[in-house]
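User: Could you take a close look at one part of this protein with me? I would like to start from a single side chain and then see how its surroundings fit into the rest.

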Amino acid sequence: ACAIYYNNNRTTDKQLAAFGELSYAITDTVRVTVGERIAHLNFSLNHFADGFENYGPGYANASSSETANTPKVSVAYQRDANNLFYATYAKGFRAGGGNAPLPDYCSADLDNTGYPNGAPLTYDSDSTQSYEIGSKNNFGPAFRIATSVYYIRWQNIQQNVYVPGACGLQFTDNLGTAVAKGFDLQADLAMGPMKFDLAVGYTDARYTASSALQSPYCPSTSTTPCL
């Protein structure tokens, strides 16, 4: 007996991280907070495919490693008991991973898509950098508001790449840059036994840059931009 379709993917994702945060009062009204997280990541993929329907047997092994550094800095100004103003910068990341190899019948469509050597077996982490300024203010015991304005930049975005044609499958790669910016406002008002809450927010999020598909060469017949 033999398997018609067999697909086995074993992945290992290891992280070793150190992090800490320090807060220091420069004056009675100004406080600075600094944080840092450093992580070393290792990823490995072991792939085995077999069976008539899966064009087997096929083997693939891949691994990657990287060190991610994600700092945070915040400055707060407590003008008085009723008014707080702050500014924050922070960096974030999402760990990378791997793709199982696509079957041989996808080769022609991968070439036309800009991946003549096949889909990448691994992809890197993506990262964000965010900036925020805001305030929290009390106008007497009955009325309070909290406002903030933010800007977030997202780079090397992990995205699915669909391979059209006879293949019809997809894989993950690092492509494009996006930016999100906006503001939010929260307010509450107490009037005797009644309390009113208001929340308003606005976000403008869009891609700001595209990425050429990462291929070692550009086929002369390709209509897709590539490097």
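Is aspartate 204 buried or exposed?

Analyst: Happy to. Please keep in mind that this is a predicted model. Aspartate 204 counts as buried, because its relative accessibility is 17%, and the cut-off for that label is under 20%. Its side chain has a charged partner: arginine 206 forms a salt bridge with aspartate 204, and the closest N and O atoms are 2.9 Å apart. Arginine 206 itself is exposed, with a relative accessible area of 53%. The pair therefore joins a buried acid to an exposed base.

Let us set that pair beside the other salt bridges. Across the whole structure, a search finds four of them. One of these links aspartate 126 and arginine 94, whose side chains meet at 2.6 Å, N to O. Because aspartate 126 sits in strand S7 (residues 126–139) and arginine 94 in strand S4 (residues 83–94), this bridge ties together parts that are 32 residues apart in sequence. Here too the acid is buried: aspartate 126 has a relative accessible area of 3%. Arginine 94, at 38% relative accessibility, counts as partly exposed. Another bridge brings together the side chains of arginine 79 and aspartate 80, at 3.8 Å from N to O. In this case arginine 79 is partly exposed at 46% relative accessibility, and aspartate 80 is partly exposed as well, with a relative accessible area of 32%.

Now for strand S12, which spans residues 194–209. This strand gives the largest share, three residues, of a nonpolar surface patch. The patch covers about 550 Å² and is made by Ile133, Val149, Phe183, Leu198, Val200 and Tyr202. Valine 200 is one of the residues in strand S12, and it is partly exposed because its relative accessible area is 39%. Patch members need over 30% relative accessible area, so valine 200, at 39%, passes that cut-off.

Aspartate 197 is found in strand S12 too. At 59% relative accessibility, aspartate 197 counts as exposed. If we leave aside neighbours within four places in sequence, aspartate 197 is in contact with Ala187 and Asp188. For a sense of distance, take glycine 165: its C-alpha atom is separated by 53 Å from that of aspartate 197, with their positions 32 residues apart along the chain.

Threonine 177 offers another view. It is found in strand S11, residues 177–191, and counts as buried because its relative accessible area is 11%. Beyond its neighbours within four places in sequence, threonine 177 is in contact with Arg153, Trp154, Gln155, Ile157, Tyr207, Thr208 and Ala209.

The interior is worth a look as well. The largest nonpolar core has 10 residues: Leu102, Cys106, Leu110, Tyr115, Ala119, Val161, Val163, Cys167, Phe171 and Leu175. Within this core, alanine 119 touches Leu102, Leu110 and Phe171, not counting residues up to four places away in sequence. The core also holds Cys106 and Cys167, and these two cysteines form a disulfide with their sulfur atoms 2.0 Å apart. The disulfide is right-handed, because the torsion about the S-S bond of cysteine 106 and cysteine 167 is about 80°. Cysteine 106 lies in the loop between strand S5 (97–98) and helix H1 (107–113), while cysteine 167 lies in the loop between strand S9 (158–162) and strand S10 (170–174), so the pair ties together parts that are 61 residues apart in sequence. Both cysteine 106 and cysteine 167 are buried, and the count for this structure comes to one disulfide.

Lastly, let us visit strand S1, residues 6–25, where alanine 17 lies. Alanine 17 is partly exposed because its relative accessible area is 34%. Apart from residues up to four places away in sequence, it touches Arg37, Ile38 and Ala39. Arginine 37 is 20 residues from alanine 17 along the chain, and their C-alpha atoms are separated by 6.9 Å.

To return to your starting point, aspartate 204 counts as buried at 17% relative accessibility, and its salt-bridge partner is arginine 206.

Definitions and conventions:
Residues numbered from 1 in each chain as written. Predicted model: local features only at pLDDT ≥ 70, side-chain atom pairs only at ≥ 80, totals over all residues. Heavy atoms only, no water. Patch = residues over 30% accessible without salt bridge, like charges linked within 9 Å, V, L, I, M, F, W, Y side chains within 5 Å. Areas by Shrake-Rupley, 256 points an atom, 1.4 Å probe, with all protein chains shown as cover. Salt bridge = Lys/Arg side-chain N within 4 Å of Asp/Glu carboxyl O. Helix = DSSP H or I, 4+ residues; strand = E, 2+ residues; numbered from the N terminus. Buried < 20%, exposed > 50% of the residue type's maximum accessible area, 1.4 Å probe, protein only. Core = buried A, V, L, I, M, F, W, Y, C linked by side-chain atoms within 4.5 Å. Contact = heavy atoms within 4.5 Å. Disulfide = S-S within 2.5 Å.
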